[in-house]
Amino acid sequence: MAETTVVAVIAAYNEADRIGATVNAVKRIGGVSRTLVVDDGSIDDTAKVAKEAGAAVLSLGGNIGKGKALERAIREVDEDIILFLDGDLAECAVEGERILEPVLNGEADMAIADFPKPQKAGGVGLAKGLGRWGIRRFTGQLMREPLSGQRAVKTALVKNLEFESGYGLEVGLSIDILKKGCRVIEVPVEMTHRETGRDVAGFIHRGRQFADILIVILKRLINQ
């Protein structure tokens, strides 16, 4: 039987300060044979740093958003499993091994990272709550981390899937994968990344999240 192959796909936008550490951490994950960084129109040295760290780099002509960047990257994937990670994880990207393991072992079709409690106060949970409600509304499954972008998934399940372009990406992906009858689990990890606080920028960010998730849910209500 042929060995199962794994590619780590990292969408990054202006992550020159962290992408090198992220790529180096991924090298320590057993089973990952290739790392593909999708440079989503960065105006800093993200692509250069990623290449120097040993990753293959797919540079896009402009910033098209994480969802569409990942959709574009999937066209370049021939491996059996994709490990989706964010570019700002730095050293803790090695924790991706925890979500990869159950997919490699056949225990799940998609595994999602369940982050620890944030180190600083964020929002009041409206976006996350809406995401949970939407996933449960369409699939019956209750999720702790509906917005987590750190996921291991069988490539065949996402190869021809249309990814949402905004912050509703993860909620839409969970709904679409679960509606296929797939096994989706959440795995506790010790990951951290950039957090938004309770300032104006943070509330604007979470407002956009809420709006994008609502759009994803409404689209699926209309099309059901």
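Okay, let's start with one lysine: Lys219 is partly exposed, with a relative accessible area of 34%. Keep in mind that this is a predicted model.

So who does Lys219 meet? Its side chain forms a salt bridge with that of Glu164, at 3.1 Å from N to O. These two sit in distant parts of the chain, 55 residues apart: Lys219 belongs to helix α8, and Glu164 to the loop between α6 and α7. Glu164 is buried, at 12% relative accessible area, because the cut-off for buried is under 20%.

Right next in the sequence we have Arg220, and Arg220 has a salt bridge too, with Asp176; the closest N and O atoms there are 2.9 Å apart. Again that's a link between distant parts, helix α8 for Arg220 and helix α7 for Asp176, with their positions 44 residues apart in the chain. Arg220 and Asp176 are both buried. Put the four together, Glu164, Asp176, Lys219 and Arg220, and you get a network of salt bridges.

How many salt bridges are there in the whole structure? The search turns up 15. Another one of them joins the side chains of Lys128 and Glu145, at 3.4 Å from N to O. Lys128 is in helix α5 and Glu145 is in the loop between α5 and β6, so this pair ties together parts that are 17 residues apart in sequence. Lys128 is partly exposed, at 26% relative accessibility, while Glu145 is buried, at 11%.

While we're on charges, have a look at Arg137: it lies over the face of Phe138, 5.2 Å from the ring centre.

Now, rings with rings. The count here is 1 aromatic pair. It's Phe84 with Phe163, and it's edge-to-face, because the planes are at 65° and anything over 60 degrees counts that way. The ring centres are 6.3 Å apart. Phe84 is in strand β4 and Phe163 is in the loop between α6 and α7, so the pair ties together parts 79 residues apart in sequence. Both of these phenylalanines are buried.

Last stop, the surface. Which residues make the nonpolar patch? Leu126, Phe210, Leu214 and Leu218 do, and the patch is about 340 Å². Helix α8 gives the most to it, with 3 residues. Leu126 comes from helix α5, residues 126–139, and Leu126 is exposed, with a relative accessible area of 57%.

So helix α8 is worth a second look on your screens: it holds Lys219 from the salt bridge with Glu164, and it also gives the most to that patch.

Definitions and conventions:
Residues numbered from 1 in each chain as written. Predicted model: local features only at pLDDT ≥ 70, side-chain atom pairs only at ≥ 80, totals over all residues. Heavy atoms only, no water. Patch = residues over 30% accessible without salt bridge, like charges linked within 9 Å, V, L, I, M, F, W, Y side chains within 5 Å. Areas by Shrake-Rupley, 256 points an atom, 1.4 Å probe, with all protein chains shown as cover. Helix = DSSP H or I, 4+ residues; strand = E, 2+ residues; numbered from the N terminus. Buried < 20%, exposed > 50% of the residue type's maximum accessible area, 1.4 Å probe, protein only. Phe/Tyr/Trp six-rings, centres within 6.5 Å; stacked < 30°, edge-to-face > 60°. Lys NZ or Arg CZ within 6 Å of the ring centre and 35° of its normal.
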